[in-house]
Amino acid sequence: MKPIIVLGGGLAGASVAARLARAGHAVTVLERETGPHEKVCGEFLSVEACSDLETMGLDAHRLGGVPIDRVRVHHRARSIEAKLPFLARGLSRAVLDEALLQLASRSGADVQRGVRVSGVDGRKVLTSEGAYEAEHIMLATGKHDLRGHARSTPATKDGYIGLKMHWRLSRSALEALGPAIELILFDHGYAGLQRVGARDANLCLVIRRDRFANIEGGWDGLVASLMGEPGLRQRLNDAEPLFAKPLAIANLPYGYIHQPQSDEPAHLWRLGDQAAMTASLTGDGMAVALRSARLAADCFQRGASSAAFQALLARHAGTQVRRAMRLQRLSERPLALRLGLLAAELCPWLLAKSAGFTRLPSYPHVV
Ligand SMILES: Cc1cc2nc3c(=O)[nH]c(=O)nc-3n(C[C@H](O)[C@H](O)[C@H](O)COP(=O)(O)OP(=O)(O)OC[C@H]3O[C@@H](n4cnc5c(N)ncnc54)[C@H](O)[C@@H]3O)c2cc1C
């Protein structure tokens with residue numbers, strides 16, 4: 001019996017592998033990285049993501065996820081704070097992704113690391129270590145498209161860049177940050193800052209590519225210019241960067257939702273960012289990835305076709321993706337942003353309301 005081959009051992013890939021292996025299927029995961037690694041991500045683990053992890057027996061708190069229960073928005077001299085209508089966690093991706101891959105392995109999946117997939121030819125998976133024959137293929141390579149299987153939304157030149165750096169904060173900055181996700185809004189982008197450990201915080205930025213290209217000095221120039229934002233200056237003043245250089249990713253096809261194609265092979269399943277890519281501002285991308293894996297495993301078990309799964313996932317995640325995109329686009333329009341912030345200043349509960357409005361719905365009924 002040929003195995004189900006999962007391409008990519010990130011959130012979606014590792015969790016679908018764990019679920020299917022646990023159900024008794026032969027599963028092989030091909031992951032190009034050789035060990036735990038960080039990824040560009042805000043690391044805001046939403047309540048939906050935490051509850052999908054729980055269904056696999058993983059507890060975000062036990063993994064070291066720090067509680068996040070409020071949101072603070074900074075725009076120039078203005079700061080607005082509200083309590084979130086749910087409890088989220090801040091957790092490093094190196095820890096989370098590794099926990100999921102280990103779970104896949106313990107569940108019986110054959111996890112092969114350091115194997116780079118270069119293409120798919122029918123049921124044959126071509127890799128740096130030779131070819132593998134699969135019964136079904138789960139495409140979960142995240143933001144990285146496979147040649148011949150690129151997402152239908154072409155990356156645009158005026159697209160976004162994502163950047164991430166972990167910082168060791170001073171005691172006073174850590175206390176001031178507290179259990180909050182802080183959003184620092186600036187021209188053509190935003191930064192998210194939150195704790196991801198006892199003393200460390202993650203700064204993740206999304207910025208227009210053309211704007212980043214115009215900043216002299218690249219990352220250092222960007223950080224220097226952001227230190228002009230009072231909200232960030234207070235936190236990063238005495239902070240020590242923990243990576244030699246920031247992690248970066250370009251051409252983010254935000255808003256992408258894969259629709260089943262008539263010419264797509266029935267043995268190919270798309271998961272995670274390969275199926276839907278929501279706006280980062282609402283911090284639910286990991287939930288979408290985990291949910292896609294749960295739905296795929298469920299559909300597979302019930303004998304549903306990959307096309308039926310893709311249609312169900314597009315319907316299930318579509319509303320969240322569209323709402324998140326609307327919010328992200330509004331935050332980029334100066335007038336809309338000013339009006340929105342004014343309203344939130346008068347009624348801070350509006351922040352909590354928009355956080356609640358952009359959540360992934362509860363798990364759907366799968367027939
Ligand atoms: C700037 C930014 C900020 C974000 N912030 C948040 C946030 O705060 N909260 C949130 O919930 N979501 C956030 N997201 C979204 C979230 O990071 C993604 O949605 C999620 O990681 C998708 O999971 P995945 O499993 O599809 O892909 P990934 O987790 O990226 O996994 C893909 C895996 O495939 C492997 N791979 C890739 N190509 C190959 C290949 N050719 N061969 C073998 N292996 C391969 C990679 O090494 C990787 O391990 C953010 C995204 C961005 C860009």
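**Entry 1: R294**

I began with R294, which lies in helix 8 of what is a predicted model. Is R294 buried or exposed? Its relative accessibility is 19%, and because the cut-off for buried is under 20%, R294 counts as buried. I then listed what R294 touches, leaving aside its neighbours within four places in sequence, and found contacts with R19, D52, T55 and Y363. With one of these, D52, the contact is polar and runs from side chain to side chain at 2.6 Å. I also looked up L20, which stands 274 residues from R294 in sequence, while the two C-alpha atoms are 9.5 Å apart in space.

**Entry 2: R291**

I stayed in helix 8, which spans residues 285-301, and moved to R291. R291 is buried, since its relative accessible area is 4%. Which residues does R291 contact, once the neighbours within four places in sequence are set aside? I noted E48, D52, H316, L360, P361, S362 and Y363. I wrote down separately that the side chains of R291 and H316 make a polar contact at 2.9 Å. D52 is thus on my contact list for R291, and D52 is on the list for R294 too.

**Entry 3: Y363**

As Y363 had come up as a contact of R294 and of R291, I looked at it next. Y363 is found in the segment that follows helix 11 (349-357), and with a relative accessibility of 22% it counts as partly exposed. Setting aside neighbours within four places in sequence, I found Y363 in contact with R291, R294, L295, D298 and H316. Two polar details seemed worth recording for the side chain of Y363: it reaches the backbone oxygen of R294 at 3.4 Å, and it makes a polar contact with the side chain of D298 at 2.8 Å. How far apart are Y363 and H316? In sequence they are separated by 47 residues, and in space by 8.5 Å from C-alpha to C-alpha.

**Entry 4: helix 8 and its partners**

I then turned from single residues to the packing of helix 8. Against helix 2 (residues 47-54), helix 8 packs at an angle of about 35°, with the axes 8 Å apart, and the crossing is left-handed. On the side of helix 2 the contact is made by E48, A49, D52 and L53, and on the side of helix 8 by M286, A287, L290, R291 and R294. Both arginines from my earlier entries, R291 and R294, therefore belong to this contact, where contact means heavy atoms within 4.5 Å.

Helix 9 (residues 306-330) packs with helix 8 at an angle of about 150°, and their axes are 10 Å apart. This angle makes helix 8 roughly antiparallel to helix 9, and the crossing of the two is right-handed. Here V288, R291, S292, L295, A296 and C299 of helix 8 meet F309, L312, L313, H316, A317 and Q320 of helix 9.

**Entry 5: helix 2, looking inward**

Which residues of helix 2 are buried? I noted E48, A49, C50, D52 and L53. These buried residues pack against helix 1, strand 3, strand 5, helix 3 and helix 8.

**Entry 6: helix 1 and helix 3**

Helix 1 (residues 11-22) and helix 3 (residues 93-106) were next, and I found them packed at an angle of about 25° with their axes 8 Å apart. The two helices are therefore roughly parallel to each other, and helix 1 passes helix 3 in a left-handed crossing. The residues in contact are L11, A14, S15, A17, A18 and R22 from helix 1, and R93, L96, D97, L100, L101, L103 and A104 from helix 3.

For the start of the chain I also consulted UniProt, where an unreviewed entry carries the annotation "domain: FAD dependent oxidoreductase" for residues 4-36. In the model, the end C-alpha atoms of that span lie 23 Å apart, and the span is 36% helix and 27% strand.

**Entry 7: two positive phi values**

Last, I checked the backbone. Most residues other than glycine have a negative phi. E43, however, has a phi near 65°; this residue sits in the loop between strand 2 (27-31) and strand 3 (44-45), and with a relative accessible area of 0% E43 is buried. R76 has a positive phi as well, near 50°, and its place is in the loop between strand 4 (66-75) and strand 5 (78-90).

Methods: Residues numbered from 1 in each chain as written. Predicted model: local features only at pLDDT ≥ 70, side-chain atom pairs only at ≥ 80, totals over all residues. Heavy atoms only, no water. Helix = DSSP H or I, 4+ residues; strand = E, 2+ residues; numbered from the N terminus. Buried < 20%, exposed > 50% of the residue type's maximum accessible area, 1.4 Å probe, protein only. Polar contact = N/O pair within 3.5 Å; in protein donor to acceptor, adjacent residues only side chain to side chain. UniProt positions renumbered as here; feature names shortened; annotations may be inferred. Axes fitted to C-alpha atoms, helices over the stretch in contact; angles between N-to-C directions. Parallel < 35°, antiparallel > 145°, perpendicular 65-115°, else oblique. Left-handed = near helix turned anticlockwise from the far one by under 90°.
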